[in-house]
Amino acid sequence: MPLRTTSTLLHHLPHHLLFAASLCAFSIGCGKEETAVVPQPKPKPPSRVSDTDLQKYKPNETGAIMVLMYHRIETDEPDNDLNRKPASFRKDLKLLRDGGYHPVTALELVTNTMEVPIGKTPVVITFDDALPSQFKIITGRDGKPHIDPNCAAGIMETFHTEFPEWPTKATFFVLPKAGRNGEPFGQAGMAAMKFEYLAKKGYEIANHTATHDNLRGASSEKIQSELASAVRAIKQISPSAGMQTLALPYGKLPREDSAQKYLISGSSGGITYANKAVFLAAWRPILSPVTRNDKKFSEGGTFSVFNPYRLERIKADAREAKLPGTFEYWLKYFQKNPTSRYVSDGMKDVVAVPASSESAVDVVRLKMQGKRLQVYGGGDGASGGGAGGDLSVE
Ligand SMILES: [Zn+2]
């Protein structure tokens with residue numbers, strides 16, 4: 001296919017080719033990563049980050065990760081806590097890429113299956129409520145349907161075309177048509193096509209309940225009914241929708257501890273569900289999925305500990321750029337404090353950690369994820385502070 005800009009592509013491709021083109025772009029990105037990252041099944045010494053790479057990139061896979069929360073991407077509304085103008089969202093992507101970030105999905109984060117190039121920091125972009133401005137189909141001048149270049153999906157596709165190493169990855173916490181909710185993404189009869197597109201491109205489709213009711217005072221029955229019927233309704237639209245993570249409406253956890261376990265798993269009306277993580281709407285970056293989740297470790301509290309059942313998210317809101325809690329604030333924070341952010345070692349089966357951060361690692365969690373720890377730069381005299389002093393725990 002000849003090289004064209006995405007907006008050209010989106011405007012001129014016949015509808016049936018739109019998805020073929022998407023698939024094509026997706027498989028190219030994937031193929032590259034697979035050859036670079038997946039180890040061959042032949043006898044081999046354990047993977048290990050080279051001393052040169054340790055010194056050059058200073059990986060730290062215990063560091064903090066931002067999970068960003070977006071709602072509307074509307075042109076006609078100023079930037080605020082629930083809206084980001086298309087131009088501002090484009091700028092966010094640019095700032096992230098320029099700042100050395102790399103997108104992953106919420107599911108990849110919580111299962112620690114992120115594929116992040118060496119030296120880069122993962123970031124999760126999330127969208128709530130399946131709103132129209134997140135994914136809009138428009139009729140082009142050719143009379144055929146195309147993705148609106150100003151909706152979130154269109155902006156991310158264009159960005160990926162411009163910067164192919166930035167994959168089309170984000171998590172959509174969607175709502176089915178139920179209660180007060182309209183059609184997912186707002187256009188009648190188009191939800192299946194949109195979900196299919198998102199899944200093929202590598203986006204995650206995830207649970208945000210069925211009716212968006214506040215679960216604060218919800219009974220265990222109500223919680224199970226909300227989550228199971230959302231799974232049923234969304235999978236009816238698109239069987240490939242993952243629905244393996246959950247964002248709570250209004251960020252509200254159920255008040256009763258006994259009810260909270262039903263956020264993780266349960267069943268209702270013959271449908272069983274299981275969530276690998278629950279996301280709130282709070283204000284802090286979260287620590288890496290290999291880090292400890294205990295009271296002692298949470299002291300200090302700059303970042304949220306990695307408790308997969310209450311993970312915090314960050315909103316973009318320029319009006320509060322100076323307050324902890326916004327994307328604007330944390331972006332600057334990590335510029336000033338680069339050692340506190342997660343920096344990838346580029347290897348899927350290795351967790352490279354500077355000796356000064358070794359105590360943050362939860363070794364049991366790391367083993368369950370099938371990872372190997374590589375500690376480097378210890379000041380124990382063995383290495384003189386260099387990378388040669390790494391210790392490994394099998
Ligand atoms: Zn919501």
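These are my notebook entries on what I looked up in this structure, which is a predicted model.

**Entry 1: the chain as a whole**

I began with the overall make-up and found that the secondary structure of the chain comes to twelve helices and 16 strands. I then looked up burial, and of the 394 residues 44% count as buried. For contacts with a separation of 6 or more, I noted that 67% are accounted for by residues 24 or more positions apart.

**Entry 2: strand 3 and its partners**

I turned next to strand 3, which covers residues 121-128, and because eight of its eight residues are buried, the strand is largely enclosed by the rest of the structure. I checked the two faces separately: Thr121, Val123, Ile125 and Phe127 are buried on one side, and Pro122, Val124, Thr126 and Asp128 are buried on the other.

Which strands pair with strand 3, I asked, and in what sense? Strand 1 (residues 64-70) pairs with strand 3 in the parallel sense over five bridges, and in this pairing I found valine 67 opposite valine 124. Strand 2 (residues 101-104) is also parallel to strand 3, with four bridges, and here valine 104 has valine 124 as its bridge partner. Strand 6 (residues 171-174) runs parallel to strand 3 as well and is joined to it by three bridges, with phenylalanine 173 of strand 6 standing opposite aspartate 128.

**Entry 3: the loop after strand 3**

Following the chain onward, I looked at aspartate 129, which is found in the loop between strand 3 and strand 4 (137-139). Its phi is near 80°, a positive value in a residue other than glycine. I noted this since most residues other than glycine have a negative phi. Is aspartate 129 buried or exposed? I counted 21 C-beta neighbours inside 10 Å, and the cut-off for buried is 20 or more, so aspartate 129 counts as buried.

For another positive phi I went to tyrosine 250, with a value of about 60° although this residue is not a glycine. Tyrosine 250 has its place in the loop between strand 8 and helix 9, and because it has 11 C-beta neighbours inside 10 Å, it counts as exposed.

**Entry 4: helix 8**

I looked up helix 8 (residues 220-237), whose 18 residues reach 26 Å from the first C-alpha to the last, close to the 26 Å expected at 1.5 Å a residue. Its buried residues include Ile223, Leu227, Ala230 and Ile234. What do the buried residues of helix 8 pack against? I found strand 6, strand 7 (204-207), strand 8 (245-247), helix 9 (257-260), strand 9 (265-268) and strand 10 (271-274).

**Entry 5: the nonpolar cores and helix 6**

In the largest nonpolar core, of 81 residues, those that touch the most other members are Val67, Leu68, Ala106, Ala152, Phe172, Ile205 and Phe279. Apart from this core lies another, of eleven residues, among them Leu54, Val290, Val351 and Leu373.

I followed up alanine 152 and, leaving aside its neighbours within four places in sequence, found it in contact with Tyr70, Ile73, Phe89, Phe127, Ser133, Gln134 and Phe135.

My last stop was methionine 156 in helix 6 (residues 152-162), which counts as buried because it has 25 C-beta neighbours inside 10 Å. Beyond its neighbours within four places in sequence, methionine 156 is in contact with Thr168 and Ala170. I also noted that the C-alpha atoms of methionine 156 and arginine 90 are separated by 8.0 Å, although these residues are 66 residues apart along the chain.

Note on methods. Residues are numbered from 1 along each chain as its sequence is written. This is a predicted model: local features need pLDDT of at least 70, side-chain atom pairs count only at pLDDT 80 or more; totals for chains, interfaces and linings use all residues. A residue is buried if 20 or more other C-beta atoms lie within 10 Å of its own, exposed if 12 or fewer, and partly exposed in between; C-beta atoms are placed from the backbone. Two strands pair if DSSP finds at least two bridges between them. The expected span of a helix is 1.5 Å times one less than its number of residues. Two residues are in contact if their C-beta atoms, placed from the backbone, lie within 7 Å. A nonpolar core is a set of buried Ala, Val, Leu, Ile, Met, Phe, Trp, Tyr and Cys residues joined through C-beta atoms within 7 Å.
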